[in-house]
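Open the viewer, settle in, and let's take a short walk through this one together. At each stop you will get something to select and a note on what is there.

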Amino acid sequence: GTVAVMLKTSYAKRYAAFAPGRLLLHDVIASICAAGGQRIEFYTDADPSLLEWASSQRWIQHETLYRHGVAETLLATLTALRVVRRRHLRIVKDDGCGVVEVYRSLDAMPQDGRDFLQRAERDNIEFGLAWHRNLVATVYPNDTGVHFYLLRMAGRVVALLPLRAEPVSGGWHLRGLGNFYTTLYQPVLENSVRSVDLVPLLSAIRRDFPGLASLTLTPMDPASHAYQALLGAIRVRGWLPYEFFCFGNW
């Protein structure tokens with residue numbers, strides 16, 4: 001009785017040029033507020049235009065269960081192949097809109113990138129600027145494999161992926177920036193970032209490491225937005241991800 005839930009909005013396609021969905025939302029929100037000011041929740045893949053209505057947001061975990069693991073693997077492979085073909089032109093467009101910057105040290109990173117990491121510390125100390133600075137200084141002080149991949153959209157930092165490259169025979173192995181004692185790793189993302197937005201990051205990694213043999217990111221929280229967004233981006237990019245259990249005793 002206190003929450004209004006918006007599941008879907010629809011309209012006739014012949015009116016698409018007039019943004020009827022936007023006008024409809026305005027009228028619905030106005031009518032709900034006039035009726036008593038309930039809280040309104042949108043269950044959707046929110047984009048920036050929808051988030052303009054919002055005072056807060058949260059990630060909703062989507063679960064799909066399969067009876068057989070082989071069926072899940074086969075379906076994921078076929079889906080990845082279909083998505084790559086269907087969105088080929090869109091991926092190119094997203095690569096152009098998303099600007100990727102690569103830094104070998106935190107000091108070389110611009111201030112807004114460091115501020116982005118600093119804010120991430122509110123969620124977990126291991127995501128923050130101080131943690132990464134201390135990790136590099138004490139564990140990898142002279143390691144040339146340390147890389148920070150930063151993604152901008154419309155000039156604003158929206159994602160940061162800390163990695164460490166290790167040379168292997170004829171190529172490279174990439175790992176999440178951490179060590180044996182890292183209890184949680186994940187790229188730092190804005191809540192509105194979608195899987196397709198992260199494709200430019202993966203494309204930049206592939207460009208910088210043409211002999212890339214593997215990419216291992218662990219330990220991650222499978223229920224997190226970052227995990228699901230990155231997993232989806234790997235599939236959209238046409239790579240085949242392999243999920244495995246690492247540990248659960250935190």
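**Stop 1: an arginine to start with.** Please keep in mind that this is a predicted model. Select R114 and show its side chain; this residue sits in helix 5, which runs over residues 111–120. Now add its contacts: setting aside neighbours within four places in sequence, R114 touches L106, D107, M109, L129 and R133. Does R114 lie buried or exposed? R114 is buried, and yet has no salt bridge. The nearest side chain of opposite charge belongs to D107, at 5.5 Å. A salt bridge would need a side-chain nitrogen within 4 Å of a carboxyl oxygen.

**Stop 2: the whole chain.** Zoom out and switch to a cartoon. You should be able to trace eight helices and eight strands. Colour by burial next: of the 250 residues in the protein, 37% are buried. If you like contact maps, take those contacts between residues at least 6 apart in sequence: 70% of them join residues at least 24 apart.

**Stop 3: the surface.** Turn on the surface, where about 15,600 Å² is exposed. Carbon and sulfur atoms supply 55% of that area. Then select V5, L7, Y43 and I60, which together form a nonpolar surface patch with about 350 Å² of accessible area. Stay with I60 for a moment: this member of the patch is in the loop between helix 2 and helix 3 (69–86). I60 has a relative accessible area of 35%, so it counts as partly exposed.

**Stop 4: a loop aspartate.** Move on to D45, in the loop that links strand 2 (39–42) with helix 2 (48–51). With a relative accessible area of 58%, D45 is exposed; the cut-off for that class is over 50%. Now select W59 too and draw a distance between the two C-alpha atoms: D45 and W59 are 14 residues apart along the chain, and the separation is 9.5 Å.

**Stop 5: the cysteines.** How many disulfides does a search of the whole structure find? The search returns zero. While you are here, select C33, which is partly exposed because its relative accessibility is 45%. Then jump to C246, also placed in the partly exposed class, at 41% relative accessible area.

**Last look.** Before you close the viewer, go back to R114, buried without a salt bridge, and then to D45, which is exposed.

Technical notes
Residues are numbered from 1 along each chain as its sequence is written. This is a predicted model: local features need pLDDT of at least 70, side-chain atom pairs count only at pLDDT 80 or more; totals for chains, interfaces and linings use all residues. Side-chain values use heavy atoms; hydrogens and water are left out. Helices (H or I, at least four residues) and strands (E, at least two) are DSSP runs, numbered from the N terminus. Buried means under 20% relative accessible area, exposed over 50%, partly exposed in between (1.4 Å probe, protein chains only). Lys and Arg count as positive and Asp and Glu as negative; His and the chain ends are not counted. Contact means heavy atoms within 4.5 Å. Accessible areas come from the Shrake-Rupley method with a 1.4 Å probe; for residues, only the protein chains shown count as cover. Patches are made of residues with over 30% relative accessible area and no salt bridge: like charges are joined within 9 Å, nonpolar side chains (Val, Leu, Ile, Met, Phe, Trp, Tyr) within 5 Å. A disulfide is a pair of cysteine sulfur atoms within 2.5 Å.
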